[in-house]
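Welcome, and thanks for opening the viewer. Could you walk me through this structure, one selection at a time, and tell me what is there at each stop?

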Protein chains: 2
Amino acid sequence: MTDRRPATIKDVAASAGVGIATVSRVFSGTGSVSAATRDRVLAAARALDYRPSALGRGLKTRGGGGIGVIVPDVTDPFCGELVAGVLACARTLGEHVIVDAAGGDPAREAQIVERLAGQRVAGIIAMPAGDEADWRGAARVCSSVVFAGRVLPEVPGVPSVLADDAGGVRSLTEYLTGLGHRRIGFLGAAPGSPSRVRERAFRDTLAELGVPVEEDLVVAARPGRDAAYAAAAGLLQRRADVTAVLAAGHLLGEAAVLVARGLDLRVPADVSIAMVDDVAWAELCDPPLTAIARPGHDVGYRACELVLREPARRGRGGPVLLPTELVVRGSCGPPRAQRR
Amino acid sequence: MTDRRPATIKDVAASAGVGIATVSRVFSGTGSVSAATRDRVLAAARALDYRPSALGRGLKTRGGGGIGVIVPDVTDPFCGELVAGVLACARTLGEHVIVDAAGGDPAREAQIVERLAGQRVAGIIAMPAGDEADWRGAARVCSSVVFAGRVLPEVPGVPSVLADDAGGVRSLTEYLTGLGHRRIGFLGAAPGSPSRVRERAFRDTLAELGVPVEEDLVVAARPGRDAAYAAAAGLLQRRADVTAVLAAGHLLGEAAVLVARGLDLRVPADVSIAMVDDVAWAELCDPPLTAIARPGHDVGYRACELVLREPARRGRGGPVLLPTELVVRGSCGPPRAQRR
DNA sequence: GACTCCCGTGGAAACGTTTCCATGATGTTT
DNA sequence: AAACATCATGGAAACGTTTCCACGGGAGTC
């Protein structure tokens, strides 16, 4: 076995006794080749272990193919689902997927975009962090960019696929209010966060229902476990009269559960807890947690379709909104008269 | 802005009034270029929004760069960690990462390897499913393949980075035995599974400790939530005298918790539960679950180092074993005399 | 002051494809 | 039977790089 370099189209052509153009036609499926020739070429290729180089092809056809995905963190369950969705769609379309994690850092996002552009990917799917300017540049740089799971409202012309977070928070809020809760704590994202639709939906829904919004009950946590825990602890300690907590993310939900447990609060007798993101542990918690399920897989899948399949329709119309689902479990009940 | 096609090195050269070789030198950092010329080239490049094409470069240098990662499922927490580790390492080395999920299907794995080979990636990191023959071929096809998190013992010459599962199961078994358990149920992977080191470690440890192994207590589940649940339910219903359950994976642990709850068994009073994989919900469970933490991130990181950085040392020596950690929480206690 | 040496530079040949065009050999129409 | 459309095929140019080689000139050495 002295096959050091991978075989090239020339080797195959020579071995099969045909021209390179014929070999190319056999592998790309275009043009017409006689059955006999095709067989000879295929046999030669197999013997040489030939595999067309995506580099050569990409160079000629201008565009390496493949699609890039940028998420804050691949270990986050929602991001994981999103990536899985992209992978599923890309596979049906025969494209490969370059994944990278930006850790929520705009500068790193910009770097990644730069690198993907260098790879000449066919499109980029991003769950963006906060820097609009960079993305405005990115939109120029790459043929097609789609936001998924999150948007930067200040970046125009970039289509997006989103979970209907506002709708989800609305139903959760209505559900809690329907149970009789009036003092609902909201654990949300920090002011700098790209989009605070969840907080707005919470406020709007309460307003519509005629429940006054107490600013003191709406707290913003910066990303990360520790900040989430601090926020939850702050809320529940400061306001012992809170009867329910709506956590706008699984990290915040986790924090709420842990803090409640640490404070010896019974769920849902002393305090009801609900959250956005129906992660695996929601069902394993005791009691199981009521949550909003966001269709991460579908978001990724649709985004990928959008970026590859419908270049014409991109940009037209608003964002694609995918429905969420309220999964009622045992963590919410009627409010207790007064804690402590 | 009529910059339809991306600018090429030629455009930059023309615009800066130099030869293309000089532009190449400026961007690749090799050779010598005078400061003045460098500045002129850089300015021209910026003006034209030039970005070197990885395609052209890869073609010339034979090898597109980048590394491929193949896992069964990106949404699995351990796989997610592993991918994150690879991403972290690849970033420091300036490589991009192509990710794909094979869903545990050997045929799909083979397809993905084929595609990655076509991309001329610098290396492949795989958490392999069961077909040795395909991987034997893959090892030939790609410059360097490394197994991570799982191995196929029948494929020689492929280095690997593993979590020390055997050690983890051993400490868990010792821990349970030390608490006084003698009838420990083991929920493990199906016979077809690539490697059953965990089951073997369980058996060996019990044997060493002089505890007889009852075949009836060692059950194998096929992959997936439903099969896991079925296996756990079967075990706990069939053998009411089991005092502890050791689940060899987070899905199996989840199933054990759910089944115990469904059977109204108190944990750990009626039955102790422990598992491999310290996933997020282990701490949120009530009681929090004792678990073996596997260093998924490190496994990915080391595998990436191995595949890119130490091509010389690859293959020598046995697999790289990374230590696991026993995280004791509240789900295990001394055995109860008799259930029911 | 002639020699060597090195530095900055440009030309040109690869790298492995795709694709346009030309060519010869068939088969088809009048 | 002659002209013509059709088909299978090969040659060659391009795609955007890197890199070898050659060339000119300024500085250092004797």
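Start by selecting A:Ser34 together with DNA strand D: a polar backbone atom of A:Ser34 sits 2.9 Å from a phosphate oxygen of that strand. Keep in mind throughout that this is a predicted model.

**Around DNA strand D**

Stay with the same strand and add A:Ser32 to the selection. Here the contact comes from the side chain, with a polar atom 2.4 Å from a phosphate oxygen of DNA strand D. Next, pick B:Ile9 on the other chain; a polar backbone atom of B:Ile9 is 2.7 Å from a phosphate oxygen of DNA strand D. Now colour by secondary structure: H2 and H4 of chain A, along with H2 and H4 of chain B, each give two or more residues to the surface near this strand. Which element gives the largest share of the surface near DNA strand D? Select H4(B), which supplies five residues.

Now widen the view to everything around the strand. In total, 28 residues surround DNA strand D, and the closest are A:Gly19, A:Thr22, A:Ser32, A:Thr37 and B:Ser24. Of the atoms of DNA strand D that come within 4 Å of the protein, 63% belong to sugar and phosphate. If you colour the surrounding residues by class, you will find 11 nonpolar, 11 polar and six charged.

**Around DNA strand C**

Switch to DNA strand C and select A:Ser24. An N or O atom in the side chain of A:Ser24 is 2.6 Å from a phosphate oxygen of DNA strand C. Two backbone contacts are worth a click as well. At A:Ser53, a polar backbone atom is 3.0 Å from a phosphate oxygen of the strand. At B:Ser34, a backbone N or O atom lies 2.9 Å from a phosphate oxygen of DNA strand C.

Which residues come nearest to DNA strand C? Out of the 28 around it, select A:Ser24, B:Thr22, B:Arg25, B:Ser32 and B:Thr37. Within 4 Å of the protein, 62% of the strand's atoms belong to sugar or phosphate, and the rest belong to bases.

To see the elements behind this surface, select residues 20–28 (helix H2) and 54–61 (helix H4) in chain A and in chain B; each of these four helices supplies at least two residues. H4(A) gives the most, with five residues. By class, the surface near DNA strand C holds 11 nonpolar, 11 polar and six charged residues.

**Where the two chains meet**

Hide the DNA for a moment and show chain A and chain B. Chain B can be laid on chain A by a turn of 180° with a shift of 0.0 Å along the axis, giving an RMSD of 0.1 Å. The two copies are therefore related as by a two-fold rotation axis. Both copies use the same surface, since 100% of the contact residues of chain B recur in chain A.

How many residues does each chain bring to the contact? Chain B brings 53 residues and chain A brings 53 residues. The two chains bury about 4,500 Å² between them, with 58% of that on carbon and sulfur atoms. Select B:Arg51, B:Leu55 and B:Leu284: in chain B these lose the most area to chain A, together 17% of what that side buries.

Next, zoom in on B:Glu114 and A:Arg51, whose side chains meet in a salt bridge (2.0 Å, N to O). Across the whole interface there are two salt bridges, and 16 residue pairs are in polar contact. Several elements of chain B each give at least two residues to the side that touches chain A, among them H4, helix H5 (77–93), strand E2 (97–101) and helix H7 (132–141). The largest share, seven residues, comes from H6(B). Colour this side of chain B by class to see 23 nonpolar, 12 polar and 18 charged residues.

**Three backbone stops in chain A**

Most residues other than glycine have a negative phi, and most peptide bonds are trans. Which way does the bond from A:Val267 to A:Pro268 go, cis or trans? That peptide bond is cis, with omega near 0°. You will find A:Pro268 in the loop between helix H11 (250–262) and strand E9 (272–276).

Move on to A:Asp286 and A:Pro287, where the connecting peptide bond is also cis, with omega near 0°. A:Pro287 lies in the loop between helix H12 (281–284) and strand E10 (290–293).

For the last stop, select A:Arg62, which is not a glycine yet has a positive phi of about 55°. A:Arg62 is in the loop between H4 and strand E1 (67–71) of chain A.

Notes. Residues numbered from 1 in each chain as written. Chains lettered and ligands numbered in written order. Predicted model: local features only at pLDDT ≥ 70, side-chain atom pairs only at ≥ 80, totals over all residues. Heavy atoms only, no water. Near = heavy atom within 4 Å. Polar contact = N/O pair within 3.5 Å; in protein donor to acceptor, adjacent residues only side chain to side chain. Nonpolar A, V, L, I, M, F, W, Y, C, P; charged D, E, K, R; others polar. Least-squares fit on C-alpha atoms with pLDDT ≥ 70 in both. Contact = heavy atoms within 4.5 Å. Buried area = accessible area lost by both parts, 1.4 Å probe. Salt bridge = Lys/Arg side-chain N within 4 Å of Asp/Glu carboxyl O.
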